Amino acid sequence: MKNILTKATLAACLAAVMTIGAASAQADDTVVLRVGYANNPGEPFDLGCQKWKEIIEERSGGKFKIELYPSSQLGSKDDVMDQMVAGEPVCTLTDGAFFYDRGIKDLGIVFGPFLFNTWDEAFKLNNSQWYQDQAKLVEEKAHLKIIGTDWKYGARHTLTTKPVNKVEDFKGMKIRVPTNNIQVKGFEVLGATPTPMALGEVYTSLQQGTIDGVENPLAVLYNGKFHEVAKYLLLDGHVFNITNIVVGTDFYNSLTPEQQKLLVETCHEAAMYQNKIVEDSEADILAKFKAEGVTIVDPSPEFKKSLVETSKKFYSLPDFKDWTPGLYDTVKKAMQ
């Protein structure tokens with residue numbers, strides 16, 4: 001009887017171990033990617049991420065999951081990129097200005113003021129051999145893998161507490177910019193006093209007079225409710241912002257070739273979905289701004305020309321002596 005019980009007990013234990021092992025294998029077989037960003041729920045980028053989550057989870061049969069962390073829940077953009085470099089399975093949106101600060105100096109130029117005249121130029125540059133070569137350097141130097149280069153974040157405009165009707169009006173204005181050197185210098189050449197800070201601090205800073213303005217695409221400006229405390233919107237379009245979606249190289253290399261392909265393909269599909277939202281929403285957002293008491297300045301050709309001409313000195317600043325010689329001309333040629 002004792003032997004029978006012992007055998008039964010051993011069989012039960014073995015079955016339990018096998019069950020636990022199978023559950024562990026199943027859990028280990030599931031990839032979970034955390035996507036963190038400063039955008040608020042409901043903004044085009046957030047809606048694009050929701051679509052990405054839906055597509056990849058459906059196509060993988062639940063074996064590749066995405067968790068979304070809007071409103072800077074995972075920290076600032078730099079915080080999230082640091083987590084990637086440390087090997088965490090996290091993802092965010094970023095761009096050339098941040099890559100510049102991480103050692104890929106030439107990529108910083110894509111965030112230079114008034115570099116592009118049209119969206120077509122911006123997309124052509126992102127599809128060029130020059131850009132592909134830069135993306136390889138991002139992997140090698142910054143340990144970040146670009147998995148998406150076609151998310152249209154939006155043209156960046158400037159919302160202020162005082163009107164800006166000519167270049168001279170920027171003089172001394174404290175404009176919030178993201179925490180990167182490129183955008184700091186981009187507003188310095190206009191005569192402004194750029195103030196780097198996290199997006200989550202902007203509303204209170206505008207309210208308290210710590211800053212006089214903030215720049216970003218229309219959807220970000222509106223959903224941040226910054227227009228409640230800053231009533232002048234300048235449609236300067238100083239940057240045509242196509243953002244990059246990045247993960248850490250360690251995470252990317254841990255995936256199978258099939259998982260890598262799935263990640264990149266679904267990221268592209270979500271970008272197409274998000275880009276349509278951006279395009280369709282801009283007229284509606286402008287109407288909302290106007291209805292909520294915002295004065296909208298669409299710069300005259302003369303004003304726009306003066307903004308462009310004043311900004312040209314950005315491309316020859318001694319701050320960027322580490323750029324490859326002739327970079328401006330190389331990039332202009334690549335976008336044709």
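Partly exposed, as used here, means a relative accessible area between the buried limit of under 20% and the exposed limit of over 50%. With that in hand, let us walk through the charged pairs of this predicted model.

A good place to start is D319, which is partly exposed at a relative accessible area of 33%. Its side chain meets that of K185 in a salt bridge, at 3.2 Å from N to O. This pair links distant parts of the chain: K185 belongs to helix α7 (residues 181–188), whereas D319 sits in the loop between α12 and α13, 134 residues apart. On the lysine side, K185 is buried, because its relative accessible area of 14% falls under the 20% cut-off.

The loop between α12 (301–311) and α13 (327–334) also holds D322. Here the partner is K105, and the closest N and O atoms of this salt bridge are 4.0 Å apart. K105 lies in the loop between α4 (96–101) and α5 (119–126), so the bridge ties together parts that are 217 residues apart in sequence. Both ends are partly exposed: K105 has a relative accessible area of 28%, and D322 comes to 38%.

Turn next to K145 and E139, whose salt bridge brings the closest N and O atoms to 3.1 Å apart. What is the relative accessibility of K145? The value is 17%, so K145 counts as buried, while E139 is partly exposed at 29%.

Finally, look at D78, D82 and R102, which salt bridges link into a network. Across the model, the count comes to 20 salt bridges.

Notes
Residues numbered from 1 in each chain as written. Predicted model: local features only at pLDDT ≥ 70, side-chain atom pairs only at ≥ 80, totals over all residues. Heavy atoms only, no water. Helix = DSSP H or I, 4+ residues; strand = E, 2+ residues; numbered from the N terminus. Buried < 20%, exposed > 50% of the residue type's maximum accessible area, 1.4 Å probe, protein only.
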